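Please open the model in your viewer and keep a selection tool at hand, since each stop below begins with something to select.

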Amino acid sequence: MSGSDQHWRKIQKHLTEWATELDKAKADAETEVAKVQSQYYERLTDLRSEIERNLKRWGAELRELTQKAGTTEAAGARGLEEFRARVQAEITEWQPEIEQLKARAAQAKADAKRLAQQLRAKGEEASDRLKALKRTAGESWDEIRPVLERAWAELRPALQNAAAKFREK
């Protein structure tokens, strides 16, 4: 096996490793987006259930109060209005949390897209460098190696930072 073949195999091995790391970072990003979306929908379901329970409880309370007091229609309307005000107050109280969950899900999705684009660009840059290296097949490994190591040194931290960012959340 010639020295040139060995060098190209090493280059191909590095590119395969980069592709694997890119795929893993992309999968981590997609997993995080799915997790945040799942949390968002679970919380929405919980909030809806809580609202429904409260509505049933308040409806029963209102009926009971109306029966006990033997109220007139006007008093019943006042009680109903108070009830509506309480429900609206609780919904208003929950709204910031719902909005925060929506924003968090949207941000995670945007971060994942941005990260995937950055990683794709780095991968394309690495591929372009490999193509350039293939065109300069006459160069020795000693001349090619610093270029490959520099490319890998630039790509590896980006992949590690991307993976770490999604693990932190």
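Begin by selecting Asn54, which sits in helix 1 (residues 3-69), where helices are DSSP runs of H or I with at least four residues, numbered from the N terminus. The model is a predicted one, in which local features need pLDDT of at least 70 and side-chain atom pairs count only at pLDDT 80 or more, while totals for chains, interfaces and linings use all residues. Residues are numbered from 1 along each chain as its sequence is written, and side-chain values use heavy atoms, with hydrogens and water left out.

Asn54 counts as buried because its relative accessibility is 10% (buried is under 20% relative accessible area, with a 1.4 Å probe and protein chains only). Add Glu90 and Trp94 to the selection, which Asn54 touches when residues up to four places away in sequence are not counted (contact means heavy atoms within 4.5 Å). Between the side chains of Asn54 and Glu90 there is a polar contact at 3.1 Å, that is, a pair of N or O atoms within 3.5 Å, one able to donate a hydrogen and the other to accept it.

Next, select Leu15, Trp18, Leu119, Leu155 and Leu159, the residues with the most contacts inside the largest nonpolar core, which has 21 residues (a set of buried Ala, Val, Leu, Ile, Met, Phe, Trp, Tyr and Cys residues joined through side-chain atoms within 4.5 Å). Helix 1, helix 2 (73-135) and helix 3 (141-168) each supply at least two residues of this core, and the largest share, 8 residues, comes from helix 1.

Finally, move to a second, separate core of 6 residues, among them Leu44, Leu47, Trp94 and Leu101.

Definitions and conventions:
Buried < 20%, exposed > 50% of the residue type's maximum accessible area, 1.4 Å probe, protein only.
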